[in-house]
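Me: I have a structure open and want the reasoning behind its labels. Take me through them one by one.

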Amino acid sequence: MTRVRPKQAEGLHFLSDYQTAFTTRADGSSWPKHERTWLNVGRYFRGLLRPGSSNTVTDIAEKMHIDQERLERFVRESPWAHENVESELRERVPEAIQSPEAALIVDGMGIPKSGDESVGVARQWCGATGKLDNCQVTVNCTLARPGERQNADQLTWPLGMRLFLSKKWTGDDDADYDSPQERERYAQRRKDTDVPADVEHQSKPDIALNLIEQAVAAGVDHGCVVADRHFGEARSFRRKLRAIPEPYVVEVSPTEFRSVPEDTDLIQPEDHPNRKHAAHPDDVSSELPEEVAEALGDDAWTEVTWNEGTKEPLSGEFYRTRIREVKRRDTGWVTDETGWLLLGKTDDEDENEEDGELKAWMCWGVDEASLEELVSWAKVRWCVEQFHRDIKQNLGADEYQGRTWKGVHHHLAVVMLAHAFVVQRRFETGENRSDFSSFEEVINQIVRESAIQGLIDDKGCDRERAEELAEYMLQSYSPW
C-alpha cells in the first residue's frame, strides 16, 4: 500500500477549498473578524484528527493549545452556516465514489444524553443503544460505493446531517403536551437552545427526503436511494421519492408490508360507484413477505455473493418477484407502487440479527436491474453503519457537549469535513480501487506524518530522528 503524503499542512490545503463556506453569508457578505473564524476552523478541524481520549471542545482546545472559551464561541456563536458547508461537500464528491453503482443512503444516528436540556433531546428510539432512550437523533445522508474486491474497500462520502426535533420541541399543537406547564418548559428550552423560529417539525423521512433532494439537485451521480425499515416503511416517503422521481431499494417489514402480484387485474373505481380507489378482486389474497417466502420451494432461492468479507465471502439466499403494494387488506385497496419485492435470508454478518432471519425490500424504478444488482444495493446500507462508527469513534461526532441548535450543526459540519478529508487520503492507500487502508489506519498515518514534518520544520530534526520521536510521542499519549 502507498503511504499518505508527508505534508504537515495537507489538511489545511484540503480545507482551503471550503473557505468561502466559513467566511461568507449566502448573500456574499462577510462579518467582522471572519479571519479569526477561519483560523478557528483549522484549529477545530485538526483537533478532531489529533489523538486523544475524546473530542469535546475542552479536549480539542487542550490538544491545540488554544483558549477554550474562544473555541466554544466559534462552535456556538459564529455566523457561518452549516448548510453552506454541506452544499460544498455535495459539489465536491470525488468521481471515484460517484457512479450508477453508488447509492444515496439515509439513516438515523442516535446520540445518548444524560440530561434533558440539550437541543432535541427526547425519549426516543436510539440506534446507539438499541432501545428507547434519552437521546438526540440526527438524520444523515451519505453516498456510498461498494468495494470492488472486498467489502472493506467501500467508499463513503458525507452529504448532510440534520437534527430531528420531536413535536414537543417545535411547539406546533397544544395536543402534543401533557399540560400547559410542559408546553412552557419546552418553549423555554427552545429559546435557551436558540432553535431558529422558522424550524418546524419534520418527520425523519421528510428530513431524509430534503437531504436526498439536495443531493439530486447537486447532480450527485448514483443509482438509487437505500434506507432501512424506519424510512422504508413510511409510505409517504416512498411516494415522494417516486414523485421526484428517484429509484429506491428500501427495507420493509416482512410481517406488515402487503402486496399482490403486479399483473393482478384490478377493480377500477370508475367501474364500481361504491369504490373510491383501485382494488384487487376478492378472490385474490394479498400476502405478507413472510407468507410469500413460506410458499417457496428450496429451488426458488438463489445463492448470491455480493462481496468479500474479512473472513469469508458475504452471501445469502435471495428471491424476487414483481408485486403491487396493498394499502388496505379489508377493502383490497391497492396503490400505484409496483416493482420488485426482494426477499433475503440473512447470514450472521450482523450480530443483531439471527442467522436465517428473513428480510424484505421494496425496489422501485430499478426494473431492469439483475437480482445481483438489487442485492448489492440492499446490502450497501451497512456502509452508513460504518460511517457512524468512524465519525463517533475517531472524530467525536457524539461528543459535543454544547446545547444549542447552531452548536450541534457546526460541530457535525466540521466532523463531516474531517471525514471527507480522511476518505480522500484513503484513495492514496490503495491501487485499482482496492486494498484501501482502514479509516482508523489513515487517521494514524495522517497524524504521524504531521508530527514528523512538524519535528523536521520546527525542531530541525533529520527524518530518522523525527520518526523516532513521533513514534514515541504518539505511543505515549494515545492508545495506538
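Reply: Start with a loop in this predicted model. Pro-245 sits between helix H11 (235-243) and strand S6 (248-252). A cis peptide bond joins Ile-244 and Pro-245, with omega about -5°. Most peptide bonds are trans.

Me: What is the phi of Lys-33, and where does Lys-33 lie?

Reply: Phi is about 65°, a positive value, although Lys-33 is not a glycine. Most residues other than glycine have a negative phi. Lys-33 lies in the loop between helix H2 (19-23) and helix H3 (34-49).

Me: Why is Lys-33 called exposed?

Reply: Its relative accessibility is 57%. Exposed means over 50%, so Lys-33 qualifies.

Me: What about His-65: which loop holds it, and why does it count as exposed?

Reply: His-65 is in the loop between helix H4 (57-64) and H5. Its phi is positive too, near 55°. Its relative accessible area is 70%. The cut-off is over 50%, so His-65 is exposed.

Me: On to H5. Why is H5 called roughly perpendicular to H15?

Reply: The axes of H5 (residues 68-77) and H15 (residues 405-427) cross at roughly 100° and come within 6 Å. Angles from 65 to 115 degrees count as roughly perpendicular, so the label fits H5 and H15.

Me: Which residues make that contact?

Reply: H5 brings Phe-74, Val-75, Arg-76 and Glu-77. H15 brings Lys-406, Gly-407, His-410 and His-411.

Me: Which cluster includes Phe-74?

Reply: Ring pairs link Phe-74 with Phe-22, Trp-38, Tyr-44 and Trp-80.

Me: How many aromatic pairs does the structure hold?

Reply: It holds 15. One of them is Tyr-177 with Tyr-186.

Me: What makes the pair of Tyr-177 and Tyr-186 tilted?

Reply: The centres are 6.2 Å apart, and pairing needs them within 6.5 Å. The planes are 50° apart. Stacked needs under 30 degrees and edge-to-face over 60, with the rest tilted. The pair is therefore tilted.

Me: Are those two tyrosines buried or exposed?

Reply: Buried means under 20% relative accessible area. Tyr-177 is at 9%, so it is buried. Tyr-186 is at 12%, so it is buried.

Me: Why are Trp-306 and Phe-318 called edge-to-face?

Reply: Their ring centres are 6.0 Å apart and their planes stand at 85°. The edge-to-face cut-off is over 60 degrees, so the name holds. Trp-306 belongs to strand S8 (residues 302-308) and Phe-318 to strand S9 (residues 313-328), twelve residues apart. Trp-306 and Phe-318 are buried.

Me: What makes Arg-320 count as lying over the ring of Trp-340?

Reply: Arg-320 is 3.9 Å from the ring centre and over the face of Trp-340. The distance limit is within 6 Å. Arg-92 offers another case: its charged end sits over the ring of Tyr-18, 5.5 Å from the centre.

Me: How many disulfides does a search of the whole structure find?

Reply: Zero.

Me: Why is Cys-135 not bonded to Cys-126?

Reply: Cys-126 holds the closest cysteine sulfur, 4.0 Å from that of Cys-135. A disulfide needs sulfur atoms within 2.5 Å, so the two are too far for a bond. Cys-135 is at 0% relative accessibility, so it counts as buried.

Me: And how far is Cys-383 from the nearest cysteine sulfur?

Reply: That sulfur, in Cys-224, is 12 Å away, and Cys-383 is in no disulfide. Cys-383 has a relative accessible area of 1%, so it is buried.

Methods: Residues numbered from 1 in each chain as written. Predicted model: local features only at pLDDT ≥ 70, side-chain atom pairs only at ≥ 80, totals over all residues. Heavy atoms only, no water. Buried < 20%, exposed > 50% of the residue type's maximum accessible area, 1.4 Å probe, protein only. Helix = DSSP H or I, 4+ residues; strand = E, 2+ residues; numbered from the N terminus. Lys NZ or Arg CZ within 6 Å of the ring centre and 35° of its normal. Axes fitted to C-alpha atoms, helices over the stretch in contact; angles between N-to-C directions. Parallel < 35°, antiparallel > 145°, perpendicular 65-115°, else oblique. Contact = heavy atoms within 4.5 Å.
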